[in-house]
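Thanks for coming. I'll put the structure up and then go through its domains, the contact between them, and a few local details.

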Amino acid sequence: MCDKRLCACEKKVHPGFMNPFDDRVKALDEAYENFTKVESGSLLKKYLDRHVFNMLKTRLTNTQSSLMDVIQSGLKNLDSNVGIYAPDQHSYSVFAPLFNPVIEEYHRGFTPEDVHPPLDWGDPEKLGNLDPDGEFIISTRIRCARSVNGYPLNPTMTKSHYQELEAKVQQILSTLEDELKGNYYSLIKMDKITQQQLIDDHFLFKEGDRFLEAANSNRFWPVGRGIFYNDAKTFLVWCNEEDHLRLISMQKGGDLAAVYSRLVRGATEVGKKIPFSRHRRLGYLTFCPTNLGTTIRASVHARFPKLNTNPERFHEIANMYNLQIRGTRGEHTEGEEGVFDISNKRRLGLTENDVVSEMRIGILELIKEEKRLQESE
């Protein structure tokens, strides 16, 4: 169910407005003027024209967030791909004239008239193993994000919000059983050596992402942040990183069915105990518009040495199957030693089953092409 106070899902909530002579409007005007004079390939640059800017510059959400809160990361980081974030759930309604075209382009044609389908995990067992012989895929990882009803998103959360939400999440996770059973570790109590080891092992998030920092997402760090993982470290939950919750299933090799099955079990169990923010049109609500809808990012760390030397063909196949190629240390990083993180790009307008199935087909096609290139030598 939606939290109507926050995401305006079932009724129209009229946004507030700033006085045109407010200092915040003057600062916005100045920032926009400067932005019009610089080069940027971001979707923010593409869709924030003067007409849209003038329409939105005095609007406020129900947490008193302004257009500046939405665009400040893209203004500061001109190399952003997208450049906008939602400081609260209400932003997707108040600033829809900017969010809608960005969402439509990123999610490949999801228009303002489209409605995200209901939750449908499908049958995980049908996905199989992508690389049973272990030739190409090092590991498989699927995550989904969730925002919690009753709490705004990171930039507008108070210190008390962080502490209260972490306590709730910790209590809920302590009830998980069997394969999912594990322990929660609060970041504020974690020593630096343990923290760095978890980061190096690709288990833990870290502070310092300049895109999130510019969006005001790292407030009160490390208060309210933490990580849960089961004994095998194959099921993880991040608390208050970019979104309220990131639920993650991962393991070595290419057994997509096993990884997805575990995520479904974990998300289902947590969802029984805490209400998530879901919009009637946009699906599950997230801080970044690229994660809306299913919020699922299904990925592999894979080694494709021949495709690595043929980047044009590599990206051609990736684009054909809506895949994103990036480095193994996260967004905005390069591949290391020919190892890449390859994931689905679309999350909105498809079911959970559709998203993972599309990723599966694309990865199998990359494996097929890598084998062809090797055999043609």
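When I say helix or strand, I mean a DSSP run, H or I over at least four residues for a helix and E over at least two for a strand, numbered from the N terminus. This is a predicted model, so local features need pLDDT of at least 70 and side-chain atom pairs count only at pLDDT 80 or more, while totals for chains, interfaces and linings use all residues. Residues are numbered from 1 along each chain as its sequence is written, and side-chain values use heavy atoms, with hydrogens and water left out.

Let me begin with the local geometry. Trp221 and Pro222 are joined by a cis peptide bond, with omega about 0°. Pro222 sits in the loop that runs between α10 (210-214) and β5 (226-230). The other backbone item is Arg108, not a glycine, yet with a positive phi of about 55°. Arg108 is found in the loop between α7 and β3 (137-146). For background, most residues other than glycine have a negative phi, and most peptide bonds are trans.

Now the domains. The assignment, whose bounds come from an automatic or database source, gives domain 1 as 16-107 and domain 2 as 124-376. Taken over C-alpha atoms, their centres are 27 Å apart. Domain 1 puts 23 residues into the contact and domain 2 puts in 32, where contact means heavy atoms within 4.5 Å.

How much area is buried between domain 1 and domain 2? About 2200 Å², with carbon and sulfur atoms giving 58%; that is the accessible area (1.4 Å probe) the two parts lose on being put together, summed over both.

Across that interface the rule finds 1 salt bridge, meaning a side-chain nitrogen of Lys or Arg within 4 Å of a carboxyl oxygen of Asp or Glu. Arg210 pairs with Asp79 in a salt bridge, with the closest N and O atoms 2.6 Å apart. On the domain 1 side, the elements giving two or more residues to the surface that touches domain 2 are α5 (67-76), α6 (91-94) and α7 (96-106). Of these, α7 supplies the largest share, 4 residues.

Which salt bridge links distant parts of the chain? Glu179 and Arg265 form one, the closest N and O atoms being 2.4 Å apart. Glu179 is in the loop between α8 (159-173) and β4 (182-186), and Arg265 is in helix α11 (residues 256-271), 86 residues away. The whole structure has 18 salt bridges by this search.
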